[in-house]
Amino acid sequence: MIVLGIILILVLILIITNLCVVQQAQAYVIERLGAYSTTWGKGLHVKLPFIERVARRVSLKEQVADFPPQPVITKDNVTMQIDTVVYFQITDPKLYTYGIEQPMVAIETLSATTLRNIIGDLELDQCLTSRDIINSKMRVILDEATDPWGIKVNRVELKNILPPREIQSAMEKQMKAERERREAILRAEGEKRAAILEAEGEKESAILRADAKKQQQILEAEGQAAAILAVQKATADGIRLLNEAAPSDPVLRLRALEAFAAAADGKATKIIIPSEIQGIAGLAQGIVESVKDN
């Protein structure tokens with residue numbers, strides 16, 4: 001009985017020790033007698049003691065590999081230091097376990113050689129302005145190369161591009177000159193705009209002054225025309241009234257004499273009177289003398 005109890009306890013311990021709980025987003029690669037047997041997903045599993053073993057525990061989460069800077073040479077013979085960041089995910093635990101030895105070292109070496117090949121076809125300025133193109137090319141190449149290893153490369157990013165110190169100094173001077181050039185252009189454009197606005201203001205002011213003067217002249221002309229029209233109308237009315245009154249010839253001559261007197265206005269020293277008016281003037285003088293005698 002004691003032996004049987006010991007055996008039962010040992011069997012229970014053996015079963016407990018061979019129970020495996022696989023966590024979420026993990027996978028266990030199981031070997032049986034040294035050969036691949038199966039891949040366990042999440043959940044509770046029991047392995048056969050002394051026959052099966054867990055060959056590798058694999059994380060199925062997306063992982064990040066930050067590789068140190070790698071020296072690369074551009075097409076125009078400029079040596080730079082570029083470090084890359086690779087985002088990848090294990091899609092096949094079996095291939096990841098048996099496809100290649102030290103897969104992370106393989107990915108780092110592959111990314112370095114791929115980066116050198118791509119940068120070698122580009123000049124310095126293209127490398128600094130074409131990060132998206134370089135990232136896309138590297139991702140495609142790495143994804144294709146790592147597919148037999150059960151690895152899916154999701155993204156590749158160039159973290160830093162470090163040209164030589166003298167190149168950085170030249171680039172800073174170039175950027176400073178470019179900023180100064182843009183500043184000068186903006187200043188010139190501002191002055192030009194201000195001059196244009198000032199000229200437009202003077203033009204509009206001159207136009208307004210000319211319009212005001214024109215309106216003044218028009219109003220003055222209209223006033224003069226109205227005055228002339230009033231005088232002409234008064235003259236026409238006077239003539240019409242005279243015609244309606246049917247004055248006699250002596251009255252007309254007397255009116256003519258009064259008109260000559262008004263024309264003289266006391267300033268003329270000599271007045272020439274027509275013969276027709278002279279007679280009426282003598283008649284008027286005789287009438288005045290007769291009145292005095294009486």
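**Exercise 1. Place V11 and describe its surroundings on the surface.**

V11 sits in helix α1. The model is a predicted one.

Step 1. Take the accessibility of V11. Its relative accessible area is 41%, so V11 is partly exposed. The cut-offs are under 20% for buried and over 50% for exposed.

Step 2. Find its partners. V11 belongs to a nonpolar surface patch with V3, I7, L12, I15, I16, L19, V21, L44 and V46. Together these residues have about 910 Å² of accessible area.

Step 3. Assign the patch to elements. α1 (2-17), β1 (19-22) and β4 (43-46) each give two or more residues. The largest share, 6 residues, comes from α1.

**Exercise 2. Summarise the chain as a whole.**

Step 1. Count the elements. The chain has 8 helices and 9 strands.

Step 2. Check burial. Of 294 residues, 21% count as buried.

Step 3. Check the surface. The chain exposes about 20900 Å², and carbon and sulfur atoms supply 59% of that area.

Step 4. Check contact range. Take contacts between residues at least 6 apart in sequence: 62% of them join residues at least 24 apart.

**Exercise 3. Dissect the largest nonpolar core.**

Step 1. Size it. This core has 30 residues. M80, I82, L115, I119, I134 and M138 have the most contacts inside it.

Step 2. Assign it to elements. At least two residues each come from β8 (79-90), α3 (103-119), α4 (124-129), α5 (131-146) and β9 (151-162). α3 gives the most, with 6 residues.

Step 3. Follow one member. Leaving out residues up to four places away in sequence, I119 touches V72, I73, T74, K75, M80, I82, C127 and I134.

Step 4. Look for a second core. Another one lies apart, with 6 residues, including V22, Y28, I30 and V54.

**Exercise 4. Trace the strand pairings of β8.**

Step 1. Start with β6 (residues 62-66). β6 and β8 are antiparallel, with 5 bridges. Here E62 stands opposite Q89.

Step 2. Go to β7 (residues 70-73). β7 runs antiparallel to β8, joined by 4 bridges. Q70 has I82 as its bridge partner. The hairpin of β7 and β8 has 5 residues between the strands, and N77 takes a positive phi near 60 degrees there.

Step 3. Finish with β9. β8 and β9 also run antiparallel, through 10 bridges. V86 is the bridge partner of V156 in β9.

**Exercise 5. Compare three of the salt bridges.**

Step 1. Note the total. The structure holds 8 salt bridges.

Step 2. Take K159 and D66. Their N to O distance is 3.0 Å. The pair links distant parts of the chain: K159 is in strand β9, D66 in strand β6, 93 residues apart. K159 is partly exposed at 41%. D66 is partly exposed at 44%.

Step 3. Take D143 and K152. Their closest N and O atoms are 3.2 Å apart. D143 has a relative accessible area of 16%, so this residue is buried. K152, at 34%, is partly exposed.

Step 4. Take E178 and R181. Their side chains meet at 2.5 Å, N to O. The two residues are separated by about one helical turn because they lie 3 residues apart in helix α6 (residues 165-245). E178 is partly exposed at 28%. R181 is partly exposed at 43%. Shared partners join E178, R181 and R182 into one salt-bridge network.

Definitions and conventions. Residues are numbered from 1 along each chain as its sequence is written. This is a predicted model: local features need pLDDT of at least 70, side-chain atom pairs count only at pLDDT 80 or more; totals for chains, interfaces and linings use all residues. Side-chain values use heavy atoms; hydrogens and water are left out. Buried means under 20% relative accessible area, exposed over 50%, partly exposed in between (1.4 Å probe, protein chains only). Contact means heavy atoms within 4.5 Å. Accessible areas come from the Shrake-Rupley method with a 1.4 Å probe; for residues, only the protein chains shown count as cover. A nonpolar core is a set of buried Ala, Val, Leu, Ile, Met, Phe, Trp, Tyr and Cys residues joined through side-chain atoms within 4.5 Å. Patches are made of residues with over 30% relative accessible area and no salt bridge: like charges are joined within 9 Å, nonpolar side chains (Val, Leu, Ile, Met, Phe, Trp, Tyr) within 5 Å. A salt bridge is a side-chain nitrogen of Lys or Arg within 4 Å of a carboxyl oxygen of Asp or Glu. Two strands pair if DSSP finds at least two bridges between them.
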